[in-house]
Amino acid sequence: MSYTSDRNNNRINGYAAECLLATAIHQSKRIHTWDIEPKVLAEAIFNDPAGKKHLKIAEPFLVREFAEISIDELGRKSFTLPLLHDLPAVTILDRVLGLDYCIEFFGYRIGIDVTVNPLMEVKKLRKKRELASVYSHLGFEKIVILVVNNTFDSQLLEAKLKLINKSDAANINHIVVV
């Protein structure tokens with residue numbers, strides 16, 4: 001499997017960027033992942049208008065991945081989607097809330113959305129701002145859009161996260177380029 005999207009300029013693809021982040025988190029002694037139960041995620045999403053909106057947007061992806069398709073005697077297809085709280089938390093976080101990782105770093109709970117496309121920053125930032133109350137309800141103190149241009153390690157990730165933790169900026173205005 002290739003980790004680059006263009007062999008001529010060796011740009012990292014999204015899968016490689018997520019793998020790099022997973023490796024950096026695993027290698028760090030200061031960064032720890034934290035889990036959120038699917039029932040807690042579902043409650044936060046259903047109790048917020050923006051959460052419901054983004055659930056509706058994610059529905060085609062969830063149907064494609066998790067629906068049970070049945071065909072009646074007339075040949076009509078129908079599908080049954082499991083309840084949201086029965087889906088894996090990682091899927092809910094990614095597909096509905098746009099987060100790839102939940103971490104703790106120096107006492108802060110941080111949600112990270114990884115991208116390799118700097119042109120997506122504005123769209124992702126808009127989504128993160130719309131979902132601010134959902135993130136807050138879930139206990140996130142910072143939301144980061146991590147734009148990956150090159151390889152990085154746990155030391156560089158920690159250095160970038162330290163800068164975010166020291167800032168007094170709004171919790172969702174963080175775009176980090178590595």
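F106 is found in the loop between β6 and β7, and this residue has a positive phi of about 50° although it is not a glycine. The model in which this backbone angle appears is a predicted one, and every value below was computed from it. A second positive phi belongs to G98, which comes just after α4 and takes a value of about 70°. From these two points on the backbone we can move to the open spaces, then to single buried residues, and at last to the aromatic rings.

Rolling a probe the size of a water molecule over the atoms shows where empty space is left. In this structure, the largest pocket has a volume of about 470 Å³, and its lining is made up of 19 residues, with D113, M120, K123, K124 and K127 lying nearest the centre. Which elements supply at least two residues each to this lining? They are α1 (14–27), α3 (49–66), β7 (108–115) and α5 (121–130), and of the contributors α5 gives the most, with six residues. Sorted by class, the lining holds 11 charged residues, together with four polar and four nonpolar ones.

The second largest pocket has a volume of about 190 Å³. Its lining is formed by T33, W34, D35, I36, E37, A89, V90, L93, D100, Y101 and C102, and within this list the helix α4 (89–96) and the strand β6 (101–105) each supply at least two residues. The largest share comes from α4, which provides three residues. Here the classes divide into seven nonpolar, three charged and one polar residue, whereas the lining of the largest pocket has 11 charged residues and four nonpolar ones.

The helix α4 deserves a further look, since several of its residues, namely A89, T91, I92, L93 and V96, are buried. What covers these buried residues includes α2 (38–46), α3, β6 and α5. T91 can serve as an example from this helix: its relative accessible area is 11%, and because buried means under 20%, T91 counts as buried. Leaving aside residues up to four places away in sequence, T91 touches L62, E65, F66 and V96.

Another residue to follow is T115, whose place is in strand β7, one of the elements that supply the lining of the largest pocket. Is T115 buried or exposed? T115 is buried, with a relative accessible area of 8%. Its side chain reaches the backbone nitrogen of N117 at 3.1 Å, and, when residues up to four places away in sequence are not counted, T115 touches M120, K124, I145, L146, V147 and V148. Two of these partners, M120 and K124, have already been met among the residues that lie nearest the centre of the largest pocket.

E158 lies in a helix as well, namely α7, which covers residues 154–166. At 8% relative accessibility, E158 counts as buried. Its contacts, again not counting residues up to four places away in sequence, are with S28, K29, R30, I31 and F105. The C-alpha atoms of E158 and I25 are separated by 9.0 Å, while the two residues stand 133 residues apart along the chain.

The last part of the picture concerns aromatic rings. A pair of aromatic rings is described by the distance of the centres and the angle of the planes. A search of the whole structure finds three aromatic pairs. In the pair of W34 and F140, the ring centres are 5.1 Å apart and the planes stand at 50°, so the pair is tilted. W34 lies in the loop between β3 (31–33) and α2, and F140 in the loop between α6 (132–138) and β8 (142–147), so this pair ties together parts that are 106 residues apart in sequence. Both W34 and F140 are buried.

F140 also pairs with Y135: their ring centres are 6.0 Å apart and their planes are at 85°, so this pair is edge-to-face. Both Y135 and F140 are buried. Through these ring pairs W34, Y135 and F140 are linked into a cluster, and W34, one member of that cluster, is also one of the residues that line the second largest pocket.

Notes:
Residues numbered from 1 in each chain as written. Predicted model: local features only at pLDDT ≥ 70, side-chain atom pairs only at ≥ 80, totals over all residues. Heavy atoms only, no water. 1 Å grid on protein atoms, 1.4 Å probe; cavity = no way out; pocket = protein on both sides within 12 Å on 5 of 7 lines; lining within 4 Å. Points joined across faces, edges and corners; volume = space filled by probe spheres on them. Helix = DSSP H or I, 4+ residues; strand = E, 2+ residues; numbered from the N terminus. Nonpolar A, V, L, I, M, F, W, Y, C, P; charged D, E, K, R; others polar. Buried < 20%, exposed > 50% of the residue type's maximum accessible area, 1.4 Å probe, protein only. Polar contact = N/O pair within 3.5 Å; in protein donor to acceptor, adjacent residues only side chain to side chain. Contact = heavy atoms within 4.5 Å. Phe/Tyr/Trp six-rings, centres within 6.5 Å; stacked < 30°, edge-to-face > 60°.
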